[in-house]
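Reader: I would like to go through this structure feature by feature. Please give the general idea before each case.

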Amino acid sequence: MTDYFDAQETRSAAERAEALARDLPAQIARAQGLPGYGGALDGVEPQRITDAAALSALPVLRKSDLGRAQGAAAPFGGLTGLPASGFAHIFQSPGPIYEPGGVSHDWWRVGRFLHACGVGRGDIVQNCFGYHLTPAGMIFENGARAVGAAVLPAGTGQTELQARAAHDVGVTAYAGTPDYLKVILDKAEEMALALKITKAAVGGGALFPSLRAEYAERGIQCLQCYATADLGNIAYESAAQEGMIVDEGVIVEIVTPGTGNPVAPGEVGEVVVTTLNPDYPLIRFATGDLSAVMEGESPCGRTNMRIKGWMGRADQTTKIKGMFVRPEQVAALVARHDTISRARVIASREGEADVMTVRIEATGGEADHYAGAVSEVLKLKGRIEVVPPGSLPNDGKVIEDLRSYE
């Protein structure tokens, strides 16, 4: 295995700027020709948009804009360079939001991350990301194909069968959310099954330092990437574990939340991403995530810009157990029962697992009375605490994250 996925990772600043000055104007021109932008790019001269500084003058595209566009022109809102039938896959994420998917070489750019994890030919990857409707499973499978690894398409759940399969097949690498690997390892230990997993590529949730350390003690190097269903891979860790290296197929800006204005270097702000994928040219797509640019280059030799990784949400939307919980979902929960006046979702940790607690201000009913609505509306099961009206703080929060990211 070579040290790098391709020569792009070690380009000089001048080489990268030259390539961007060629590729970015072409991508802006593609986007201008798409009906989904609704004239937002009218008057823009693509040949003048040659770097991130010039890009910052263009409007920001938000998830809500995506939803409205898709509502007007299903399934992709007129924002793709191909018709729906031209893609290999069509996915549905909560919202619902529809995303296209391809199977050409490293279409989602996760192969670059897996290579940085040391995954390649001779490896068998147990892919524990979901394969049903949402894209994460296929995103990582596409990446595994790009590096020549075999895939056990495990999906989620059925932990005993997962542990048995990992043992029987001789799995050497894990892909999935950070927490679930520990569940499989503990189950295998309980079943007296020896596993060969030495590499883990995780995403979809925060990798807490204590959990990474536990994996290291068990002989597993665990690295994380920052990816979304819309954009694919945005940034990834290398073995240096010093920040996240921005992927070569995207341009990342850090802006003041709620605006498109770049923050000063090193300041925390919202991550805005422009993809260079011609099939799905998203221009200045606001992720809602917070991060900051790091100075210098990674000690691993990759030369692209680094960010500090996920540092929270620009809004109150929070990822719990790998699933986003949004303020509008909490509002929908309150609307389901006349007895509920207010509700708050609290994300915390116990051991090395996420815990969701839902505090409900209600005039009646036991916790079990609301369990069905919580599971249906929030798409997760959690603890339910019924408290008297007026008990929750009057601070405007409906989602509170008590987890430590240091």
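Author: Start with strand pairing: two strands pair if DSSP finds at least two bridges between them. The model here is a predicted one. In it, β11 and β12 run antiparallel and are joined by 4 bridges.

Reader: Which residue of β12 is the bridge partner of Gly269?

Author: Gly269 has Ser291 of β12 as its bridge partner.

Reader: What is the order of the strands in the open sheet that has antiparallel pairing?

Author: The order is β10-β11-β12, a sheet of 3 strands. Its edges are β10 (250-255) and β12, each of which pairs on one side only. From one strand to the next the twist averages 30°.

Reader: Where is the sheet with mixed pairing, and how many strands form it?

Author: That open sheet has 4 strands, in the order β19-β18-β17-β20. β19 and β20 (399-401) are the edge strands, with pairing on one side only for each. Neighbouring strands in this sheet are turned against each other by 20° on average, direction ignored.

Reader: In which sense do β18 and β19 pair?

Author: They pair in the parallel sense, over 5 bridges. One residue pair to look up is Thr357 with its bridge partner Arg383, which is in β19.

Reader: Now helices. How should I read the side on which a helix is buried?

Author: An α-helix has 3.6 residues a turn, so residues three or four places apart point the same way. For the case here, take α10, which covers residues 367-378. Its buried residues include Tyr370, Ala373, Val374, Val377 and Leu378. These are on the same side of α10 because they cover an arc of only 110° around the axis.

Reader: How many residues does α10 have, and what does it reach from its first C-alpha to its last?

Author: α10 has 12 residues and reaches 15 Å, close to the 16 Å expected at 1.5 Å a residue.

Reader: What covers the buried residues of α10?

Author: The cover includes two helix and strand neighbours from earlier in the chain, α9 (327-336) and β16 (323-325). It also includes β17 (340-350), β18 (353-362) and β19 (383-387). Of these, β17, β18 and β19 belong to the mixed sheet described above.

Reader: Which residues of α8 are buried?

Author: In α8 (residues 209-217), the buried residues are Leu211, Arg212, Glu214 and Tyr215. Their arc around the axis is only 160°, which puts them on the same side of α8. The face turned away from that buried side carries Ala216 and Glu217, both exposed. Among the elements covering the buried residues of α8 are α7 (178-190), β7 (221-228) and β17. β17 is thus also named among the elements that cover α10.

Reader: What should I look for in the backbone angles?

Author: Most residues other than glycine have a negative phi, and most peptide bonds are trans. Exceptions to both are found here. Just after α10, Lys379 takes a positive phi of about 65°. Just after α8, Gly219 has a positive phi of about 80°.

Reader: Is Gln158, with its phi near 55°, buried or exposed?

Author: Gln158 counts as exposed because its relative accessibility is 61%, and the cut-off for exposed is over 50%. Its place is the loop between β4 (150-153) and α6 (159-169).

Reader: And Arg284, with a positive phi of about 55°: buried or exposed?

Author: Arg284 counts as buried, at 1% relative accessibility. It is in the loop between β11 (269-275) and β12 (285-291), the two strands joined by 4 bridges.

Reader: Which residues does the cis peptide bond with omega of about -5° join in the loop after α3?

Author: That bond joins Ala74 and Pro75, and Pro75 lies in the loop between α3 (63-72) and β1 (89-93). The bond from Gly95 to Pro96 is cis as well, with omega near -5°. Pro96 lies in the loop between β1 and β2 (97-101).

Reader: Which residues is Gly243 in contact with, leaving aside neighbours within four places in sequence?

Author: Gly243 is in contact with Tyr236, Glu237, Met294 and Ile307. Gly243 is found in the loop between β8 (232-236) and β9 (244-246). Its C-alpha is separated by 6.3 Å from that of Gly309, 66 residues apart along the chain.

Reader: Where does UniProt place the domain feature?

Author: The unreviewed UniProt entry places "domain: AMP-dependent synthetase/ligase" at residues 137-274. In the model this span is 32% helix and 29% strand, and its end C-alpha atoms lie 23 Å apart.

Definitions and conventions:
Residues are numbered from 1 along each chain as its sequence is written. This is a predicted model: local features need pLDDT of at least 70, side-chain atom pairs count only at pLDDT 80 or more; totals for chains, interfaces and linings use all residues. Side-chain values use heavy atoms; hydrogens and water are left out. UniProt positions are given in the numbering used here, feature names are shortened, and annotations may be inferred rather than shown by experiment. The expected span of a helix is 1.5 Å times one less than its number of residues. Buried means under 20% relative accessible area, exposed over 50%, partly exposed in between (1.4 Å probe, protein chains only). The arc is that of the directions from the helix axis to the C-beta atoms. Contact means heavy atoms within 4.5 Å. Axes are lines fitted to C-alpha atoms, for helices over the stretch in contact, and angles run from 0 to 180 degrees between N-to-C directions.
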